[in-house]
Amino acid sequence: MTDRLFPDLSDAQLLERHLQGDTDAFGQLFLRHRDRLWAVAVRTVCDPEEAADALQEAMISAFRRAGDFRGDSAVTTWLHRIVVNASLDRLRRKTAYAASSVGDEGALDLLATQGRVPATTDPASTRDTALDVEAALRLIPPEQRAALVLVDMLGYPVADAAAVLDISVGTVKSRCARGRARLLPFLEHLRCGAAEPDPGTEEGFSRNRTATGSVSPGQGGEG
Amino acid sequence: MRRHSAHVDTVVLAELGAGMISGRRAARIHAHLAGCPRCARVSAGLSGVSVLLASVPPPAMPAAVATRLDAAIAEEAAVRSGTAVTPVRLAGRGPFRPAERAGAGRPRNRRTSPVAVRAFAAAAAACLVAAGGYTIAQLTSPGGSGRVLSPAAGASIPRNGPRAGAGPLQVRPTHQGSAIHAQPAHGQPAFEVVTSGTDYQPATLGAQVEAEIGRISKIAPNTASGERIRHQPTAQQDECVQGIMPGVPPTLVDAARYQGHRAMVIALASGAGELGQAWVVGPACSAGRADILTHVRLPAAGG
């Protein structure tokens, strides 16, 4: 349904069509991956408006610079890299502007007011968890956040994340490790309400996955 | 019983969990974990963080964002293939991004802000309707080189345009007027900037904007007090406003503050049957970047 126009073409072939002047090829390529690219942008930037700007910037850049794609990585990796870079760029510019860390204070407030609610049984718990996680993610450095978004949240293999971020596998692991260590104090309380976990298990954490809003990897949205 | 003289640093435990530590050092930490409930709990908590992060479903792209991005990409494609009429607006003011490398024979596109792109897409649609079906027209600058965009290489690829591949594209001078209407008073800012000194706040933004619009409408531009607070926009302010509201003169442009920070408020008053709206933009707002901090709808006129 997402590929009415080019059902049989690979991403690389679509990009080639785009380079040859096909008007629809790039839009189709974006359609295939937009939900994942959106997830990367909005999780990294932590602000839907800014994320939309970053993603648009990234896609226009990718559109214009498609000739720079060398084929030494997957097209998706290349697209993700452009989106991550646009997101981090936007954050850097924003930080340069807003010297005061309003965002972080806001996130701390959110944690202070909502974070203590022990809620793992009521239906709203998944949403609360998501809010807590979003608030906590704002408190860690953007580079660590970007790594965790790719590896932990979106489930990319570390090697793929390294290719996207254009850093070594070791650096990805290190950023993830540091990010998790920083997040721990903010997210630990989410264990409460559940059975006291045994050390070494993960059962204390909410494992709920709702169907709403979930995205299957590599699939676009409606066609 | 094993001794555990000192607890293991959380980052080290996280590195162990990430597979960064191996060999004898890893064995030593594992041995410590076996005998230290506190470190074992931290270690389990760290794995729990990963599980928790994975449990949050990725957000679906909002329909409005999808629409906006589709429009931006379609506009970009239209510009590239020469079917868009919209570059007219930026021809006189927008900085063109210099070619960074020898391209594949494709025209270089101008730099646009995301918001502007969206607006351009709408303007393009309007222009195309106005042009009465002459969709494949690239307007040339008067007296200029008459740059006519030809379809990109690969003529065998089918295109959507009604006259795709029909040779060099023709300029339709008789329709220039309708396209140029998208930009009033070309080259001349159609608004003035006031400096009210207001510190706009999120909770009261709409009311503050309304109050400012009311106040400004009472001050004649040529009085002494009027001159003191009305200025011609700087080039950047002009580009910023044009990017956000291309072709529409704003009711109010106030170089003020928002939550204590330097910001500019751009507002369009409510009109007949149409809600007004206001944007608060940061100091970085320019032709290439909207830098929108927030946006509100204004109450209906008289309400």
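Start with the largest nonpolar core of this predicted model, which has 81 residues. To find its centre of contacts, select A:Ala41, A:Leu55, A:Met59, A:Val83, A:Ala147, A:Leu150 and A:Ala161, the residues with the most contacts inside this core. Next, colour helix H2 of chain A, residues 25-45, which gives the most to this core, with 12 residues. In soluble globular proteins, nonpolar side chains tend to be buried together.

Stay with one of these core residues, A:Met59, and ask which residues A:Met59 is in contact with once its neighbours within four places in sequence are left aside. The list holds A:Phe30 from chain A, together with B:Leu69, B:Ala72 and B:Ile73 from chain B. There is also a second, separate core, of 32 residues, and to see part of it you can select B:Ala263, B:Ile266, B:Trp279 and B:Val281, which are among its members.

Now show chain A as a cartoon and follow it from the N terminus, where the elements run α-α-α-α-α-α-α-α-α, so that the secondary structure comes to nine helices and zero strands. Of the 223 residues in chain A, 48% are buried. When contacts between residues at least 6 apart in sequence are considered, 67% of those in chain A join residues at least 24 apart.

Then select two helices of chain A, H7 (residues 142-153) and H9 (residues 169-187), whose axes come within 8 Å and cross at roughly 100°. Because of that angle, H7(A) is described as roughly perpendicular to H9(A). Two packed helices are described by the angle between their axes and the distance between the axes. To display the place where they meet, select A:Glu143, A:Gln144, A:Arg145, A:Ala147, A:Leu148, A:Val151 and A:Asp152 in H7(A), and on the other side A:Val172, A:Arg175, A:Cys176, A:Arg178, A:Gly179 and A:Arg182 in H9(A). Sorted by class, this contact has five nonpolar, two polar and six charged residues.

For the last stop, move to chain B and select B:Val11, which is found in helix H1, residues 10-17. Is B:Val11 buried or partly exposed? B:Val11 counts as partly exposed, because it has 15 C-beta neighbours inside 10 Å, while a buried residue would need 20 or more. Leaving aside neighbours within four places in sequence, B:Val11 is in contact with A:Ala177, A:Arg178 and A:Ala181, and A:Arg178 also appears in the meeting of H7(A) with H9(A). Finally, draw a distance between the C-alpha atoms of B:Val11 and B:Ser43, which are 32 residues apart along the chain and separated by 9.8 Å.

Notes
Residues are numbered from 1 along each chain as its sequence is written. Chains are lettered from A and ligands numbered from 1 in the order in which they are written. This is a predicted model: local features need pLDDT of at least 70, side-chain atom pairs count only at pLDDT 80 or more; totals for chains, interfaces and linings use all residues. Helices (H or I, at least four residues) and strands (E, at least two) are DSSP runs, numbered from the N terminus. A residue is buried if 20 or more other C-beta atoms lie within 10 Å of its own, exposed if 12 or fewer, and partly exposed in between; C-beta atoms are placed from the backbone. Two residues are in contact if their C-beta atoms, placed from the backbone, lie within 7 Å. A nonpolar core is a set of buried Ala, Val, Leu, Ile, Met, Phe, Trp, Tyr and Cys residues joined through C-beta atoms within 7 Å. Axes are lines fitted to C-alpha atoms, for helices over the stretch in contact, and angles run from 0 to 180 degrees between N-to-C directions. Angles under 35 degrees count as roughly parallel, over 145 as roughly antiparallel, 65 to 115 as roughly perpendicular and the rest as oblique. Ala, Val, Leu, Ile, Met, Phe, Trp, Tyr, Cys and Pro count as nonpolar, Asp, Glu, Lys and Arg as charged, and the others, Gly among them, as polar.
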